[in-house]
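This report introduces the structure shown below to a reader who has not met it before. It proceeds from the packing of helices to the contact of the chains and then to the DNA.

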2 protein chains.
Amino acid sequence: MHSEDWVSHFPGLHSLPDDILAALIASSRVVQLPAGTRIFGPGHAPDAFILMLRGTVRVQQVSDTGREIVLYRVSAGDSCALTTACLMGYDDYQAEALAETDVAAVAIPRATFDDIIARSPDFRRFVFTAFSRRVTDLFRVIEEVAFARIDVRLAQRLLERANTDGHIELTHQQLAAELGTAREVISRQLNEFQRRGWITTSRGAIDITQPEALRQLATAP
Amino acid sequence: MHSEDWVSHFPGLHSLPDDILAALIASSRVVQLPAGTRIFGPGHAPDAFILMLRGTVRVQQVSDTGREIVLYRVSAGDSCALTTACLMGYDDYQAEALAETDVAAVAIPRATFDDIIARSPDFRRFVFTAFSRRVTDLFRVIEEVAFARIDVRLAQRLLERANTDGHIELTHQQLAAELGTAREVISRQLNEFQRRGWITTSRGAIDITQPEALRQLATAP
DNA sequence: GGCCGTATGTGACCAAGTCACAGGGTTTGC
DNA sequence: GCAAACCCTGTGACTTGGTCACATACGGCC
């Protein structure tokens with residue numbers, strides 16, 4: 001891929017004037033990271049604005065008791081809005097980001113980012129729209145953790161993370177970390193789903209056999 | 001108060017060049033709102049960037065079952081960062097904001113805001129720092145809701161919302177809405193605190209008699 | 001005083017998280 | 001090929017937190 005090709009991944013950037021686009025391309029670079037890389041964490045503020053080209057990054061929080069919860073995912077075409085916040089606010093993260101797959105991303109240095117924010121209304125809109133989406137995500141997480149039943153949340157998550165065949169390669173522990181709960185809770189819920197014939201389970205994987213039943217639970221009042 | 005006096009409330013704005021300050025002051029206006037005003041809510045995106053001069057605004061989320069949780073408060077000297085996000089991202093809020101007291105605030109129209117963001121690095125820094133703080137707050141809320149015990153959270157909140165005499169004028173229902181839990185849970189915890197001699201309760205109010213004990217619980221591992 | 005709306009108390013029950021531990025697969029190293 | 005180590009899953013007993021259904025109790029206000 002030529003270095004300037006990545007712009008085509010971000011519709012929000014097409015309308016930028018040529019000179020700004022040129023500045024963006026000239027000073028940014030494409031980085032490749034292997035799956036499992038810790039991209040940032042508490043005390044490790046990033047120094048660049050990130051645009052994802054390929055792969056997914058998981059942003060999660062870890063409690064002192066070792067329990068985890070996934071806050072959101074950043075995938076191709078997204079920017080990491082929290083990076084943006086902390087980049088600009090010069091604040092440290094409370095969360096950590098991990099590459100779930102091999103990742104390719106554009107890194108725009110802080111100075112360039114600030115410069116382009118100043119020069120382009122469209123770039124501002126692009127950044128703040130992404131930001132706004134993330135904040136909405138965080139609100140949804142709070143609402144679900146505070147108010148939603150665990151069976152409903154698990155059903156949602158299973159549907160979300162299944163491939164088109166209804167296959168999910170996650171352990172109970174990993175699902176617990178998605179939802180911020182304990183492994184035993186997931187095991188019991190999955191047993192219940194299986195007892196009802198909605199899924200089948202095997203070591204490290206789950207297959208959805210009745211997606212409709214799960215969907216109905218997931219959208220229950 | 002003269003219209004330009006409010007700038008002194010925001011140290012982050014002092015360093016702005018005179019022409020930018022003048023633009024800010026010229027196009028913004030000071031608004032007064034009585035306690036109880038609903039400032040924004042789902043479907044009611046605000047149309048201005050808000051700087052708080054006096055009073056407090058509570059930003060909360062309401063579940064469909066009627067339970068509530070406080071996300072954060074905006075008080076004098078703060079900006080409403082979420083307003084900022086949604087203002088710039090042109091997105092709707094999922095939460096609502098209520099004036100807890102009589103409120104005075106500066107409203108900066110969207111166009112002016114965008115203009116000044118473009119012109120002033122210091123203003124950008126001011127806005128994004130505020131934003132960053134809010135995001136950190138949201139992370140803390142998620143962590144607490146997902147992982148912290150309710151007695152610890154209640155102790156924290158009691159200390160937070162007590163005046164210097166250790167007096168708190170909140171009903172059990174209101175405390176439940178602060179923490180996103182049920183009224184009965186708060187009642188039982190308060191009874192337990194009272195049984196231990198840490199607080200005394202009366203209708204609609206609580207007095208802390210042993211702040212140290214509460215503090216110890218609030219900072220427990 | 002009697003009424004009414006709101007605040008609080010309580011017991012029974014259900015949902016979810018914790019703890020301790022038991023097996024069963026898989027992988028690793030020999 | 002085998003054993004040890006590790007990870008994944010199952011399970012029972014228990015604690016904590018949330019729900020439901022009421023019962024009181026308090027504070028204004030006629």
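## Helix packing in chain A

For the angle given below, axes are lines fitted to C-alpha atoms, for helices over the stretch in contact, and angles run from 0 to 180 degrees between N-to-C directions. The model described here is predicted. In chain A, the axes of helix 3 (residues 110–119) and helix 4 lie 5 Å apart and make an angle of about 115°. On the side of helix 3 of chain A, the residues that take part are Phe113(A), Ile116(A), Ile117(A), Ala118(A) and Arg119(A). They meet Pro121(A), Phe123(A), Arg124(A) and Val127(A) of helix 4 of chain A. By class, this contact between helix 3 and helix 4 of chain A has 7 nonpolar residues, no polar ones and 2 charged ones.

Helix 4 of chain A covers residues 121–147, 27 residues in total. From its first C-alpha to its last, helix 4 of chain A reaches 38 Å, close to the 39 Å expected at 1.5 Å a residue. At the start of this helix, the backbone nitrogen of Asp122(A) has a side-chain oxygen of Ser120(A) within 3.2 Å.

## The contact between the two chains

The size of an interface is often given as the accessible area lost when the parts come together. For chain A and chain B, the area buried between them is about 3,600 Å², and 70% of it is on carbon and sulfur atoms. Three residues, Phe139(B), Ile142(B) and Phe147(B), supply 20% of the area that chain B buries against chain A, which is more than any other three residues. Chain A contributes 39 residues to the contact, and chain B contributes 39 residues.

## The surroundings of DNA strand C

How many residues surround DNA strand C? There are 20, and the closest are Thr181(A), His172(B), Arg183(B), Arg203(B) and Gly204(B). Of the atoms of DNA strand C that come within 4 Å of the protein, sugar and phosphate account for 53%. Sorted by class, the surface near this strand has 9 charged, 8 polar and 3 nonpolar residues.

Both chains approach phosphate oxygens of DNA strand C through backbone atoms: a polar backbone atom of Ile150(A) is 2.9 Å from one, and a backbone N or O atom of His172(B) lies 2.9 Å from one. Arg203(B) instead places a polar side-chain atom 2.7 Å from a base oxygen of DNA strand C. The elements that give two or more residues to the surface near DNA strand C are helix 7 (183–195) of chain A and helix 7 (183–195) of chain B. Helix 7 of chain B supplies the largest share, 5 residues.

## The surroundings of DNA strand D

DNA strand D has 20 residues around it, of which Arg183(A), Arg188(A), Gly204(A), Thr181(B) and Arg188(B) come nearest. Sugar and phosphate make up 53% of the atoms of DNA strand D that come within 4 Å of the protein. The surface near DNA strand D comprises 3 nonpolar, 8 polar and 9 charged residues.

Which helix gives the most to the surface near DNA strand D? Helix 7 of chain A does, with 5 residues, and helix 7 of chain B also supplies at least two. A polar side-chain atom of Arg188(A) lies 2.6 Å from a base oxygen of DNA strand D. Side chains of chain B reach phosphate oxygens of this strand: an N or O atom of Thr181(B) is 2.5 Å from one, and an N or O atom of Arg67(B) is 3.0 Å from one.

Note on methods. Residues numbered from 1 in each chain as written. Chains lettered and ligands numbered in written order. Predicted model: local features only at pLDDT ≥ 70, side-chain atom pairs only at ≥ 80, totals over all residues. Heavy atoms only, no water. Near = heavy atom within 4 Å. Polar contact = N/O pair within 3.5 Å; in protein donor to acceptor, adjacent residues only side chain to side chain. Helix = DSSP H or I, 4+ residues; strand = E, 2+ residues; numbered from the N terminus. Nonpolar A, V, L, I, M, F, W, Y, C, P; charged D, E, K, R; others polar. Expected span 1.5 Å × (residues − 1). Contact = heavy atoms within 4.5 Å. Buried area = accessible area lost by both parts, 1.4 Å probe.
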